[in-house]
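Me: I have a structure to go through. Please explain why each label fits.

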Amino acid sequence: MVESDLSIFLLALLAGAIRVGTPFLFVSLGECLTEKGGRINLGLEGILVTGAMTGYAVSYLSGSPWLGVLAAGGAGLCLGLVHGVICSLPRVNDIAFGIALILFGTGLAFFLGKDFIQPSAPMLPSIPLGGWSDDTRVRSALNVNVLFFIGVALAFVLHWGLRGTRWGLVLRLVGDHEDSAQALGYRAAGVRIVATGVGGFLAGVGGAYLSLYYPGSWNEGLSSGQGLMAVALVIFARWQPINCLWAALLFGAAGAVGPALQAIGIGWGYYLFNAIPYVLTLAVMVITCRPDRTLSGAPGELSLNR
Amino acid sequence: MLKPWLGRAGVLLLPALPTLCALVTTAVLFIAFLLIQGRPAWQAGPLVFEGAFGSLFAWENTLMRAAPLMLTALCVALPARAGLIIIGGEGALVLGGLAAAVTPLWLPALPAWPMLIAMGVASMLAGGLWIGLSGWLRQKRGVNETIGSLLLSYIGLAIFRHLVEGPLRDPNSLNKPSTPPLDSSYQIGVISDSFYVHWGLVAGIVACVLAWVLVRYSVIGFALRVVGGNPRTPRMLGLPVDRLVLLTCVLGGGAAGLAGMFEVSAVQGSANTALISGYGTAGILVAFAARHNPLAIIACAILLGGLEASGGLLQRRLGLPDATTLILQGMLFINLLAWETLTRRTGDWRLWLRGHWIAAPRAGLEEKGETSHG
């Protein structure tokens with residue numbers, strides 16, 4: 001009995017790593033791109049919530065969840081561009097503006113999303129990879145959403161793109177040393193605006209995953225700080241897209257500990273176990289950060305390192 | 001050549017220009033936002049004002065909300081003086097409230113005043129410890145304080161929920177998990193029966209004034225200006241940077257914790273999840289709107305308190321969702337930060353105004369100043 005409890009727990013953890021980790025993956029890839037350009041966007045949390053609402057609303061109204069995902073990305077793109085453009089003005093603090101964007105994005109989503117709390121929208125499909133097993137629990141655990149695979153592919157594409165394409169090199173140059181980029185004739189502000197906008201798009205898609213797959217409904221308590229944890233996650237991943245994938249899975253597993261324990265009947269300390277991702281994030285930052293030097297791999301222009 | 005008094009008024013108004021621009025843009029954007037959706041935009045504006053400051057009841061409602069905002073704004077503004085952006089005030093507030101709520105349970109029965117002081121100290125210790133931890137992590141471990149304080153806030157909220165719904169829960173609180181209710185003698189009353197606002201308002205104003213004296217007139221305040229201005233200079237001067245940063249964090253956290261104590265002992269009567277109502281987040285906006293000036297925080301907290309107080313009226317009269325005030329706050333915050341970019345130019349404009357409008361005989365002198373600035 002104990003052994004089966006353990007295996008159920010581990011299975012729930014594995015399933016959770018993918019299920020809970022997917023939004024982390026999208027948001028952290030978006031943040032990674034933004035930070036590679038030398039800017040930090042804490043507002044991805046607000047974008048995530050707006051994306052979740054937009055995705056749900058469009059899916060409900062149009063009947064197509066994929067249209068919802070696109071719309072969520074579009075909403076994220078718009079908010080990301082707002083951040084990119086306004087932070088390009090001199091003397092605007094990007095960290096503070098991110099906080100403002102959290103407030104605005106959440107307000108926007110709660111305001112416009114009021115009417116969509118009740119009705120149920122069509123959900124995103126998942127791919128059943130557990131057909132070989134007779135156990136229904138294994139089957140449900142191996143129901144993996146298509147967006148996860150897109151996210152994994154994206155991590156590899158970004159990894160290659162940042163290293164091997166002209167675009168990637170320009171972005172990294174702008175992020176590492178603005179003056180050199182200017183000297184070569186690239187306008188840093190423009191590159192950063194694009195990077196922040198695309199980052200916003202990805203965060204919006206991450207939000208659509210929340211409302212259209214797991215947990216799979218729209219309400220005002222949907223996000224629990226995934227957008228902000230993603231910022232820490234990118235630091236943990238040392239600004240490498242592929243590391244973002246592993247980190248997102250780890251954070252997903254940490255976030256799944258609470259529900260997994262509930263699955264085997266341990267109800268005690270529900271809130272404490274749900275706080276594990278935050279503790280993990282903090283622990284990771286304490287271990288990886290040092291006060292006297294910047295982290296290896298950190299973009300040189302990042303205000304986080306000043 | 002225009003009238004000199006116009007120029008003088010311009011010089012006086014220039015520092016307020018970014019804020020004025022932000023307020024106007026916010027109003028325009030908000031009205032446009034409502035108009036696009038076909039909502040009654042033209043009624044909303046006056047209604048915000050009516051709900052905030054239109055009657056004695058509205059004023060009471062506004063000031064009741066402004067009191068905790070002043071304290072949570074200090075939690076952002078004081079560390080900001082040392083160059084830190086701390087956004088974890090919500091966690092400090094709820095932990096402070098919890099500490100205040102359990103103090104009477106763990107201490108022997110005391111008269112009201114000593115107990116209230118003990119509760120205040122406990123709440124400030126809890127809040128100060130929480131934000132101080134963020135400052136310590138940043139100075140000693142290099143953990144970014146913005147993210148660190150927010151994570152600690154989330155952890156604080158989880159601990160709060162766990163304790164209130166678990167070990168510290170009053171078994172009699174059935175549908176709203178709470179700690180055991182405070183004895184009525186330990187509850188803080190209102191200032192007067194004709195002015196129905198609890199004493200937290202006085203505490204908030206006193207705290208802001210004290211903070212202003214600290215940053216403006218004390219040696220610590222001067223040292224803080226050096227620390228906040230540049231990371232290297234204070235070390236060359238031999239200033240105890242770590243201790244100064246930690247001090248601002250502990251004081252700020254203490255203020256947020258105190259806000260929690262007043263929410264518990266003057267509003268809720270026990271610690272429960274109603275404490276998690278966004279005062280910590282709104283305090284960030286207040287502090288930024290006040291440009292981290294403690295005296296300006298008093299005014300900004302009253303304005304924002306009014307904005308929040310009007311939410312109920314907007315909901316009842318116009319059927320707008322309760323998130324309306326949230327979106328208005330977000331727009332305001334965005335605009336305040338965006339118009340901050342004007343400060344780059346206001347210095348030049350000031351010189352130009354002086355040169356061209358006010359002191360024609362001294363124009364030569366001013367022009368010299370202008371060229372050296374250009």
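Me: How many residue pairs are in polar contact across the interface of chain A and chain B, and what makes a pair count?

Reply: The rule finds 5 residue pairs, both residues at pLDDT 80 or more. A polar contact is a pair of N or O atoms within 3.5 Å; within protein, one must be able to donate a hydrogen and the other to accept it, and residues adjacent in sequence count only if both atoms are side-chain atoms. This is a predicted model: local features need pLDDT of at least 70, side-chain atom pairs need 80 or more, and totals for chains, interfaces and linings use all residues. Side-chain values use heavy atoms, without hydrogens or water, residues are numbered from 1 along each chain as written, and chains are lettered from A and ligands numbered from 1 in the order written.

Me: Which elements give two or more residues to the side of chain A that touches chain B?

Reply: They are α4 (94-112), α10 (226-236), α12 (270-274) and α13 (276-288) of chain A. The largest share, 14 residues, comes from α4(A). Helices here are DSSP runs (H or I, at least four residues), and strands are too (E, at least two), numbered from the N terminus.

Me: What is the make-up of that side by class?

Reply: It has 34 nonpolar, 6 polar and 3 charged residues. Ala, Val, Leu, Ile, Met, Phe, Trp, Tyr, Cys and Pro count as nonpolar; Asp, Glu, Lys and Arg as charged; the others, Gly among them, as polar.

Me: Why is the pair B:Asp322 and A:Lys114 called a salt bridge?

Reply: A salt bridge needs a side-chain nitrogen of Lys or Arg within 4 Å of a carboxyl oxygen of Asp or Glu. In this pair the closest N and O atoms are 3.0 Å apart, so the label fits. Across this interface the rule finds 1 salt bridge. Over all chains, the count comes to 7.

Me: Why does the pair join two chains?

Reply: B:Asp322 lies in the loop between α14 (311-318) and α15 of chain B, and A:Lys114 in the loop between α4 and β1 (126-128) of chain A, so two chains are joined.

Me: How many residues are in contact, and what area is buried?

Reply: The contact (heavy atoms within 4.5 Å) takes 43 residues from chain A and 48 from chain B. Together the chains bury about 3900 Å², 81% of it on carbon and sulfur atoms. Buried area is the accessible area (1.4 Å probe) that two parts lose on being put together, summed over both. A:Leu103, A:Phe111 and A:Tyr271 supply 20% of the area that chain A buries against chain B, more than any other three residues.

Me: What is notable about the bond between A:Tyr214 and A:Pro215?

Reply: A cis peptide bond joins them, with omega about 5°. A:Pro215 lies in the loop between α9 (188-212) and α10 of chain A.
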